Amino acid sequence: MVRYSGAMTRAQGQDKAAAATDPVRAAHEGPSTGSTGATTAEVGIPPAQSGSTRVKLPRFTPRKSKARPEVVESEDAWLDLLEETPPQKGLRGIRNWFADSLGGTGRWVGDAWGFVRTTVGKLLLMLLALSIVLFAGAWAASQAGANRQAGLQTLLNATEPMSNSAHTLYTSMSQADTLATTSFVQPGLQTAESHREYLDAVDAAVVAADEVLRGSVETRADDTEKVQDLVREIQRLIPQYTGLMERAQANQRVGNPLGVAYMSQASSLMHETMLIKAEVILDITRGQVEDEMNRLSRPQLMPLSGLLAALLALGAAQWALWRMFRRRLNKGFLAATALTLAAIVWLGASNIAAWNAGRDDFASVAGPYEQLTTARTAAQEMRTAETITLLNRNTQRTNRSMNDTSAQVAHALDAIQNDANTDEVDTAREALAAWRSAHTSMMNALQTGQYDRAVTLAADSEDRSEESTATTFAVLDDSLAHLISSSRLEQRGHIHETLGTTRGVSTGIMTLMLLAIVMVFVGARPRIQEYV
C-alpha cells in the first residue's frame, strides 16, 4: 500500500508538471485525478495496472465561443429599438414624415385633429364655421348698405347740384347773349335795367362754372378731367366775350355802326364755341346723375345671396345637431334663424323701395326734366337767332328754326304736365303761342320792308298795341324756369326718398346678425355642457 501510494504520488506530480509546461495538453486531457481527488479505482483502472499502463482519456474539441457584442452606452438601449416602428409607405407614410418634420407642431396638430374628431370638437368646429358664415353675410350686407347710402348722399349733395349748375351755366350764358343782342334792336340807348340783367346773367355763368368745377372734384367720375377742361376753357372765353360785347355797346351808344360787327363777333363766339362746350358739360353731368341713380337703385344681389347662404348654413347646422344629439328643435338656433330672416326681409324691402323710388319715380321725372331744360335752351337760342336775323334782315333760317323750337317746347310741356303744375303749363303754352304769333308778325313786316314795325315787334317797347317777341318770350322763359325748378325739386325728392330707404340698414343688419351669432352659441351651450 505504501508503494502504491508513492507511485501514485509520483505520477500525480508528473502530471502536474506536464500540465504546467503544456497547457494545451492540460486542456485536452482535463483535470487529473489528483486535482479532483478521485482515485484510479474511481475511474475504473485496476491498481495492479496503474504503474505499467497509462489510461488515455477521450479527446474532445471545445465549442468556439461567439464574439461578444460591443458594449452600448446605455443598458436600456434595446428598449428604444423596440419602440421604433417600421417605415410606412403611401399616403400614411407621407403624413408621418410630414408630422415628424414639424416636430412639436406636428404633435400639436395631431392632438388638435384628434380633438376635432370627437363630438365636442365637431360641435365647436361647426360653431366656428357657422359664425364665420353669419359674420361674412352680415359684413357684406352692411357694407353694401353703407356704400349705397354714401353714394346717394354724394349724388344728392354733389352730382345733382353739379348737373344743375351745368344747366345754369348754359342758360345764363345764353340769356346774357340774348339780352346783349336784343339791346341793339331797342330804340334808343340800352336801359339800366337791361344792362343790369345782362351783368347778372354773366355773373351767374361765372358762379355756375365754379360750382361745376367743385362738384366734379367731389364726384370723381370717369370723365371728370374732360368736364374740368371744358369749364376752364369757358372761364377763359367769358372775358373775351364780355370784352367784345362792351366794345359793341360802346360803339352803339355813340351811334357807330361798327357796334353791330362787334356784337356779331361776340355772339358767334358764344354760340359756336362757348355754348357748344357748355352743352357737352350739361350732357355729361346729366348722364352722371342718371347712371348713378341707376347704379344705386340696382338690387343688391350679392349681399342678399350672402344672407341666404347664412340662412342655409343655419338649416344645415340644425340638421347636423339632430344627427348628433337626436333632438329636433334648438331654441337658440331657431332664434338665430328668425334674426337672419328679419335681416333678409329688411334688406329686400330696402332694395324694393330703392328700386321703385330710383327707377320708376325718378325716371318718370328725369326724362321730362331733361326735355324741359333742352327746350328752354333751344328757345333762348331761337330768341338770339331772331334778333340777329332782324339785324341781318335774313328771313329764311328763322322760320324753319321757329317751327322746330315751338314743336320742341310744346312736346316738353306735354311731358312735364301733371296735376300740380297745370296752371304753370297752361301759362307757358299761352306764352309760346303768343311768341310764335309775334314772331310771325315780325317776319312778315321784315319781308314787306316794314323794318321799323319789325323792330317794334321785336323790342320791349312801351307801345302795347301789339305783343312783341321780347315780351312774350320773357313770359315763356319765366314759365319754363319755374317748371324746371319745380321739376328739379321733385327729382331731388325722389333721391331723398331713395336715400331714406338706406338709413339704418347697415347698422340694423349688422346688429341682427351679431345677435344671431350670440344665439347660436347660446343654443349650443347645453350640448357642450353635456361633455364637460
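Where do Arg-429 and Asp-426 lie, and how many residues apart are they? Both are in helix 14, three residues apart, which is about one turn of the helix. The model that contains them is predicted. Across the protein there are 17 helices and zero strands, and a search of the whole structure finds 10 salt bridges. The points below cover the overall make-up, then salt bridges, surface patches and some single residues.

**Overall make-up**

- The protein has 532 residues, and 40% of them are buried.
- Its exposed area is about 30,300 Å², of which carbon and sulfur atoms supply 57%.
- Among contacts in the protein with a separation of 6 or more, 83% are between residues 24 or more positions apart.
- Secondary structure consists of 17 helices, with zero strands.

**Salt bridges around Arg-429**

- Arg-429 forms a salt bridge with Asp-426, and the closest N and O atoms are 3.6 Å apart.
- That distance falls within the 4 Å cut-off for a salt bridge, so the pair counts as one.
- Arg-429 also meets Asp-414 in a salt bridge between side chains, at 2.4 Å from N to O.
- Because Arg-429 lies in helix 14 and Asp-414 in helix 13 (residues 397-416), this pair ties together parts that are 15 residues apart in sequence.
- Arg-429 is partly exposed, with a relative accessible area of 28%.
- Asp-414 is partly exposed at 47% relative accessible area, and Asp-426 is partly exposed at 32%.

**Salt bridges around Arg-492**

- The side chains of Arg-492 and Glu-160 meet in a salt bridge, with an N to O distance of 2.6 Å.
- This pair links distant parts of the chain, with Arg-492 in helix 16 and Glu-160 in helix 7 (residues 119-182), 332 residues apart.
- Arg-492 and Glu-160 are both buried.
- Which residues are joined into one network with Glu-160 by salt bridges that share partners? They are Arg-488 and Arg-492.

**Surface patches**

- A patch of negative charge on the surface gathers Glu-193, Glu-197, Asp-200 and Asp-203.
- Asp-203, one of the residues in that patch, lies in helix 8 (residues 192-219).
- Asp-203 has 49% relative accessibility and therefore counts as partly exposed.
- A nonpolar patch on the surface is formed by Leu-125, Leu-128 and Ile-132, which together have about 300 Å² of accessible area.
- Leu-125 is found in helix 7, where it counts as partly exposed because its relative accessibility is 46%.
- Glu-160, from the buried salt-bridge pair with Arg-492, lies in helix 7 as well.

**Buried residues in helices**

- Thr-469 is found in helix 16 (residues 469-502).
- Is Thr-469 buried or exposed? Thr-469 counts as buried because its relative accessibility is 0%, and the cut-off for buried is under 20%.
- Leaving out residues up to four places away in sequence, Thr-469 touches Arg-383, Glu-386, Trp-435, Ala-438, His-439, Leu-457 and Ala-458.
- Ala-266 has its place in helix 10 (residues 258-296).
- With a relative accessible area of 0%, Ala-266 is buried.
- Ala-266 touches Tyr-241, Leu-244 and Met-245, when residues up to four places away in sequence are not counted.
- From C-alpha to C-alpha, Ala-266 and Met-245 are 5.9 Å apart in space, while in sequence they are 21 residues apart.

**An exposed loop residue**

- Gly-449 sits in the loop between helix 14 (422-447) and helix 15 (451-458).
- The relative accessible area of Gly-449 is 60%, so this residue is exposed.
- Gly-449 and Arg-393 are 56 residues apart in sequence, and their C-alpha atoms are 9.6 Å apart in space.

Terms used. Residues numbered from 1 in each chain as written. Predicted model: local features only at pLDDT ≥ 70, side-chain atom pairs only at ≥ 80, totals over all residues. Heavy atoms only, no water. Patch = residues over 30% accessible without salt bridge, like charges linked within 9 Å, V, L, I, M, F, W, Y side chains within 5 Å. Areas by Shrake-Rupley, 256 points an atom, 1.4 Å probe, with all protein chains shown as cover. Lys, Arg positive; Asp, Glu negative; His and termini not counted. Charge placed at Lys NZ, Arg CZ, Asp CG, Glu CD. Helix = DSSP H or I, 4+ residues; strand = E, 2+ residues; numbered from the N terminus. Buried < 20%, exposed > 50% of the residue type's maximum accessible area, 1.4 Å probe, protein only. Contact = heavy atoms within 4.5 Å.
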